[in-house]
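Visitor: Could you take one part of this model and look at it closely with me? I'd like to see what packs around it, and then how that compares in kind with the packing elsewhere in the chain.

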Amino acid sequence: MNKATRQQEILNLLISKERIEITELCDRFHIVPMTARRDLKELEEQGKLIRTHGGAALPPEKEDVNLPFFQRTKINSAQKLAIAAKACSFLKAGQHIFLASGTTVHAFAQSLKESIPLTVITDAVNISYELSAFSNIHLLSVGGELRPNSLTLTGKIAEENLSHFQMDAAFIGINGIDRDGNIYVSSIVESSILNVLFDRVPDIYILADASKLDQKDFVHVGTLDSRHTLITTKEIPEICLETYQSLGAQVILA
């Protein structure tokens with residue numbers, strides 16, 4: 001089998017399975033790991049897949065921040081639910097945690113209904129609504145000016161109110177993390193809230209599916225380091241995984 005035919009077969013296999021391993025390619029096409037890696041690298045350069053640790057995956061669907069919030073919750077919904085379930089394993093009874101805005105954090109908030117007792121501070125109207133009926137949650141909202149498309153409360157009121165709380169951990173969403181570990185959001189006012197959190201909260205959990213990785217956006221808010229735990233999906237590009245871990249961040253695959 002020539003290279004072009006083999007690479008097309010690799011794509012066909014990936015389309016049917018969504019994720020493939022190098023060992024699987026070696027067995028199926030009777031090639032050595034070096035050849036399999038070279039095929040995946042060439043296909044990645046053509047934009048047809050992303051290389052992951054030990055294999056490859058289809059590029060995840062990108063979330064358009066201009067879409068209405070509840071329409072965005074349906075994009076990569078299975079990945080968001082998997083991230084939410086994994087994030088729950090980091091909770092401890094009685095913690096005071098912050099939940100930021102974002103569709104993945106929204107999925108995480110929904111998963112707290114059956115969780116342990118928690119105090120939750122949030123700047124997101126949708127999360128306040130979700131948690132208002134949960135008997136195990138003591139809920140506080142920071143207030144502020146509403147951004148309709150993200151359902152986030154922002155501005156000086158939100159920032160000042162947030163500064164009064166002592167929090168054990170924050171669970172946030174982002175718009176992008178580039179391959180150098182720089183963190184981005186789309187709005188200056190939302191970046192101000194994150195800057196307060198980065199200054200005051202010891203443990204920052206970033207909930208983001210792989211479509212947000214190897215990406216940039218409008219406002220740079222910091223760089224991954226040992227305070228950050230990124231909970232993402234197995235489609236994370238291999239180059240990102242290696243770089244993020246080298247910066248000291250913990251990377252958890254859901």
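Guide: Happy to; what follows begins at one helix and works outward from there. A word on conventions: this is a predicted model, in which local features need pLDDT of at least 70 and side-chain atom pairs count only at pLDDT 80 or more, while totals for chains, interfaces and linings use all residues. Residues are numbered from 1 along each chain as its sequence is written, and side-chain values use heavy atoms, with hydrogens and water left out.

The part I would choose is helix H6, residues 103-110. Helices (H or I, at least four residues) and strands (E, at least two) are DSSP runs, numbered from the N terminus. Seven of the eight residues in H6 are buried, so the rest of the structure largely encloses this helix. Here buried means under 20% relative accessible area, exposed means over 50%, and partly exposed is in between, using a 1.4 Å probe and protein chains only. The buried residues of H6 are Thr103, Thr104, Val105, His106, Ala107, Phe108 and Ala109. What do they pack against? Their partners are helix H4 (69-72), H5, E4, helix H7 (125-131), strand E9 (169-172) and E12, where contact means heavy atoms within 4.5 Å.

Let's take H5 from that list. Two packed helices are described by the angle between their axes and the distance between the axes. The axes of H5 and H6 come within 8 Å and cross at roughly 55°, which makes H5 oblique to H6. Axes are lines fitted to C-alpha atoms, for helices over the stretch in contact, and angles run from 0 to 180 degrees between N-to-C directions. Under 35 degrees counts as roughly parallel, over 145 as roughly antiparallel, 65 to 115 as roughly perpendicular, and the rest as oblique. This crossing of H5 and H6 is right-handed (the near helix is turned clockwise from the far one by less than a right angle; anticlockwise would be left-handed). On the H5 side the contact uses Lys80, Leu81, Ile83, Ala84, Ala87 and Cys88, and on the H6 side Thr103, Thr104, Ala107 and Phe108. By class, that contact of H5 with H6 has seven nonpolar, two polar and one charged residues (Ala, Val, Leu, Ile, Met, Phe, Trp, Tyr, Cys and Pro are nonpolar; Asp, Glu, Lys and Arg are charged; the others, Gly among them, are polar).

Phe108 of H6 leads on to the rings. Together with Phe90, Phe171 and Tyr205, Phe108 forms one aromatic cluster. There are three aromatic pairs in the structure. In one of them, Phe90 and Tyr205 have ring centres 5.2 Å apart and planes at 50°, so the pair is tilted. For rings of Phe, Tyr and Trp (its six-membered ring), a pair needs centres within 6.5 Å, with planes under 30 degrees apart called stacked, over 60 edge-to-face, and the rest tilted. Phe90 lies in the loop between helix H5 (77-88) and strand E4 (96-99), while Tyr205 belongs to strand E12 (residues 203-207), so the pair links distant parts of the chain, 115 residues apart. Phe90 is partly exposed at 22% relative accessibility, whereas Tyr205 is buried at 10%.

Now for the helix packing elsewhere. Helix H2 (residues 22-29) and helix H3 (residues 33-45) have axes that come within 9 Å and cross at roughly 110°; they are therefore roughly perpendicular. Their crossing is right-handed. Ile22, Leu25 and Cys26 of H2 meet Pro33, Ala36, Arg37 and Leu40 of H3, a contact with six nonpolar, no polar and one charged residues. Between H2 and H3 sits a loop that holds His30, an exposed residue at 73% relative accessible area. His30 has a positive phi of about 55° although it is not a glycine. Most residues other than glycine have a negative phi.

H3 also meets helix H1 (residues 3-17), their axes coming within 11 Å and crossing at roughly 75°, which makes H1 roughly perpendicular to H3. Lys3, Arg6, Gln7, Ile10 and Leu11 of H1 face Thr35, Asp39, Leu40, Glu42 and Leu43 of H3 in this contact. The contact of H1 with H3 divides into four nonpolar, two polar and four charged residues.
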